[in-house]
Amino acid sequence: VLTIGVLALQGDVREHARALETAGAKAAAVRRPAELEAVDGLVIPGGESTTMWKLADTFEMLEPLRMRIKDGMPAYGSCAGMIMLADRIEGGIEGQETVGGIDMTVRRNAFGRQVDSFEADLDFAGRGAMRAVFIRAPWVQSIGSGVEVLARAEPGDRIVAVRQGPLLATSFHPELTGDVGVHSYFVEMVREL
Ligand code: GLN
């Protein structure tokens with residue numbers, strides 16, 4: 001059985017752990033470098049990317065995260081986690097850093113001005129309709145040529161799910177719906193790599 005970590009510095013860790021277990025993996029909380037070493041893949045949950053960044057810095061996790069991702073560890077970031085996996089962000093606070101890995105620019109709180117939180121049915125990776133929950137969500141402003149778009153959403157037909165090699169990110173929160181389609185997709189990615 002694959003062990004998939006959930007970065008447990010901040011955010012909705014338990015919901016992701018539950019969804020991963022439903023999708024057939026063993027979930028483990030990751031707070032320190034040694035725990036990061038022990039997992040086959042990592043989920044970075046939703047929450048607040050500025051807080052997550054500061055805690056990752058305090059817990060000396062930023063460099064270990066960057067190193068494992070550079071080494072090819074599969075990772076999936078949801079919402080704030082998507083921001084953490086972006087090479088570039090817009091609307092960050094002063095000095096805000098990310099872990100990076102996906103060649104994209106992500107705009108924080110992008111849907112916020114129009115609709116703070118909303119739900120939508122979207123097609124994820126050509127797998128049919130999926131209910132998606134957006135909470136002060138970012139969208140993907142632009143992507144490099146190596147990034148695959150897996151889902152778009154209204155308003156604006158914005159990019160809300162992407163994949164680049166072993167890295168996956170969604171603007172929305174699949175851990176809140178009971179539909180583990182995105183987690184199953186990620187578990188398959190980890191299994192294949
Ligand atoms: N707005 C949050 C941020 O910028 C993300 C919101 C979320 O993860 N639900 O980090």
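**Exercise 1.** In this predicted model, decide whether Cys79 is buried or exposed.

*Solution.* Begin by counting the C-beta atoms around the residue: Cys79 has 27 C-beta neighbours inside 10 Å. A residue is buried if 20 or more other C-beta atoms lie within that distance, and Cys79 therefore counts as buried. Next, place the residue in the fold, where Cys79 lies in the loop between β4 (75-78) and α5 (80-85). Finally, list its contacts, leaving aside neighbours within four places in sequence: these are Gly46, Ile135, Ala137, Pro138, Ser171, Phe172 and His173.

**Exercise 2.** Work out where Glu175 sits and which residues it touches.

*Solution.* Glu175 belongs to the loop between β12 (167-170) and α6 (181-192). Because 28 other C-beta atoms lie within 10 Å of its own, Glu175 is buried. Not counting residues up to four places away in sequence, Glu175 touches Asp12, Glu15, His16, Ala19 and Ser78.

**Exercise 3.** Determine which residues UniProt lists for "active site", and why they can be said to gather at one spot.

*Solution.* The unreviewed UniProt entry lists Cys79, His173 and Glu175 under this heading. These residues span 97 residues in sequence, yet no two of their C-alpha atoms are more than 11.1 Å apart, so they gather at one spot.

**Exercise 4.** Identify the residues that surround the ligand and divide them into nonpolar, polar and charged.

*Solution.* The ligand is surrounded by Gly46, Gly47, Glu48, Ser49, Cys79, Ala80, Ile83, Arg108, Asn109, Ile135 and Arg136. Sorting this shell gives 4 nonpolar, 4 polar and 3 charged residues. Cys79, one of the residues that UniProt lists for "active site", is also among those surrounding the ligand.

Conventions
Residues are numbered from 1 along each chain as its sequence is written. This is a predicted model: local features need pLDDT of at least 70, side-chain atom pairs count only at pLDDT 80 or more; totals for chains, interfaces and linings use all residues. A residue is near a molecule or strand if its C-beta atom, placed from the backbone, lies within 6 Å of it. Ala, Val, Leu, Ile, Met, Phe, Trp, Tyr, Cys and Pro count as nonpolar, Asp, Glu, Lys and Arg as charged, and the others, Gly among them, as polar. UniProt positions are given in the numbering used here, feature names are shortened, and annotations may be inferred rather than shown by experiment. Helices (H or I, at least four residues) and strands (E, at least two) are DSSP runs, numbered from the N terminus. A residue is buried if 20 or more other C-beta atoms lie within 10 Å of its own, exposed if 12 or fewer, and partly exposed in between; C-beta atoms are placed from the backbone. Two residues are in contact if their C-beta atoms, placed from the backbone, lie within 7 Å.
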